[in-house]
Amino acid sequence: MADMTDELGIRRGHALRAAVERGLAGEAEPVVGLLDVAGIAASATALRDAFATPGVSITHTFAVKAASLVPVLGLLNACGLGAEVASPGELALARAAGIPAERIVLDSPAKTVAELREALALGIAVNADNPQELARIDALREAAPSTAPVGLRINPQVGGGSIGAMSTATASSKFGVALRDEGALDWVLEAYARRPWLNRLHTHTGSQGVPLALMVEGVRAAYELAERINAAAGRQQVDALDIGGGLPVNFGSDEAMPSFADYADLLRSEIPGLFDGRYGIVTEFGRSLLAKSGTVLARVEYAKSAGGRPIAVTHAGAQVATRTVFVPEAWPIRVLALDAKGVEKGGEPVVQDVAGPCCFAGDLVAKGRSLPLLEPGDHVALLDTGAYYFSNHFAYNSLPRPAVYGYRVHPDGAVDFSPVRAAQTQEELLAESGAGFPPLGPA
Ligand SMILES: *Cc1c(COP(=O)(O)O)cnc(C)c1O
């Protein structure tokens, strides 16, 4: 494991230097996203190896919201993964990446009739969020028979983690059927009894900040419910459990910790029946698959001082690191200080702020951080930003979405870059801002 972790850092070092040398980040494009192709592939392999069990059919899907980039979905597809989608746009991306319908799962708390109809027609698995949605599926299936697997999302209400906004299994979470509410369990049992085709059960106990033990409790609740449904049906009506994603990411070092193996091993020991071959397993990991493979590289435009505190003004702020800037205590990230050539700087650490380009005072990606003193023309690298940083652009100040490149590093340190997304152009920004429409006239 130590080896893999070291290699990640070594590859990243080569990529950062090469990206600066070749002008991928520079005067013209002051901020860029970089993705480690080997790191992503290794992460997908680690996931598959962790869950692989003889006799158990396992479908790993990637939560598209974590990196809504078609070439990345294509890479994951080649690694045998599918996609968890939650909007027509995300479904279109998964299909554009060539992901087959049988490896796509549609989750979303607000699916329209049209979205449901399309998924059922394509044979894409659907997890219904609530009774009203299930009734829509009833009607659609009556109008046009479908073989798409259908599940129901339950909220096991096992409690939240350390980040409220990321906790999906609290008593009053907006997701799924709240299983511990009065009458809910009976309603669910009845819903399955009346629908012999309802063959999956889904839970996603939340995301970053939720401890493994709590995630396991959520899966256990789904497993025990499936056992009850199947006992009542006298057959294996629920034939697959979708256990969601949510494995937390360690933002403090290059180590993937906890690992997919840690989680799978805990599930195996706590819920052995899940792996005994009666159930297929579907997973929906996002952050843990991609975070460690991504880096934001940005130029330092100015270095100033205010109230005795040095401040580096860079081109990476709230537009790419939105959650980090707005909720810094929940989303701290590591920042590397790089010189004008993209090489990590030495020198005495100095307590400083690393600011972004946005026009509001809180636009800081690191506050009071000890780093070698940053100077104009230097660069910063924001680490572990492969998930949720390139897909959650915030259009503040009309700052463009930065370009993203994948990189591969040869044994001699040479780096190949492949485009993943072009930077948003001025023309696109203008069009998105209504430049094609006439001025509003007076009332
Ligand atoms: C966001 C989400 C995921 C992925 O969560 P991660 O924490 O990124 O692994 C999986 N399933 C559902 C339903 C989600 O909403």
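A polar contact is a pair of N or O atoms within 3.5 Å. In this predicted model, one such pair links the backbone of G286 to the ligand, where a polar backbone atom of that residue is 2.9 Å from an oxygen atom of the ligand.

**The ligand and its surroundings**

Two further pairs involve the ligand, and the three are set side by side below.

| Residue | Protein atom | Ligand atom | Distance |
|---|---|---|---|
| E284 | polar side-chain atom | nitrogen | 2.7 Å |
| G286 | polar backbone atom | oxygen | 2.9 Å |
| R287 | backbone N or O atom | oxygen | 2.8 Å |

Taken on its own, the ligand has 390 Å² of accessible area, and the protein covers 93% of that area. The ligand sits in the largest pocket, and 14 residues surround it, the closest being K65, S207, G246, E284 and Y388. By class, the shell around the ligand divides into six charged, five polar and three nonpolar residues. E284 therefore appears twice in this description, as one of the closest residues and, because its polar side-chain atom lies 2.7 Å from a ligand nitrogen atom, within the 3.5 Å limit that defines a polar contact.

Y388, another of the closest residues, also stands out by its backbone, since this residue has a positive phi of about 75° although it is not a glycine. Y388 is found in the loop between β16 (379-383) and β17, and the second of these strands takes part in pairings described below.

**Strand pairing around β17**

Strand β17, which spans residues 403-409, runs parallel to strand β1 (residues 31-36), and five bridges join the two; within this pairing, D36 stands opposite Y407. β17 also pairs with strand β18 (residues 415-421), here in the antiparallel sense and over six bridges, with V409 standing opposite V415 of β18. β17 and β18 form a hairpin with five residues between them, and in its turn G413 has a positive phi of about 95°.

**Strand pairing around β14**

Strand β14 (residues 349-355) likewise has partners in both senses. Strand β12 (residues 309-314) runs parallel to β14 and is joined to it by three bridges, with I311 standing opposite D353 of β14. Strand β15 (residues 364-372) runs antiparallel to β14, and six bridges join the two; P349 has P372 of β15 as its bridge partner. In a regular strand the side chains alternate between the two faces of the sheet.

**A cis peptide bond**

Which geometry does the peptide bond from M257 to P258 adopt? The bond is cis, with omega near 0°, and P258 is found in the loop between β9 (240-242) and α9 (260-270).

Methods
Residues numbered from 1 in each chain as written. Predicted model: local features only at pLDDT ≥ 70, side-chain atom pairs only at ≥ 80, totals over all residues. Heavy atoms only, no water. Near = heavy atom within 4 Å. Polar contact = N/O pair within 3.5 Å; in protein donor to acceptor, adjacent residues only side chain to side chain. Areas by Shrake-Rupley, 256 points an atom, 1.4 Å probe, with all protein chains shown as cover. 1 Å grid on protein atoms, 1.4 Å probe; cavity = no way out; pocket = protein on both sides within 12 Å on 5 of 7 lines; lining within 4 Å. Sits in = over half its atoms within 2 Å of the grid points. Nonpolar A, V, L, I, M, F, W, Y, C, P; charged D, E, K, R; others polar. Pairing = 2+ DSSP bridges. Helix = DSSP H or I, 4+ residues; strand = E, 2+ residues; numbered from the N terminus.
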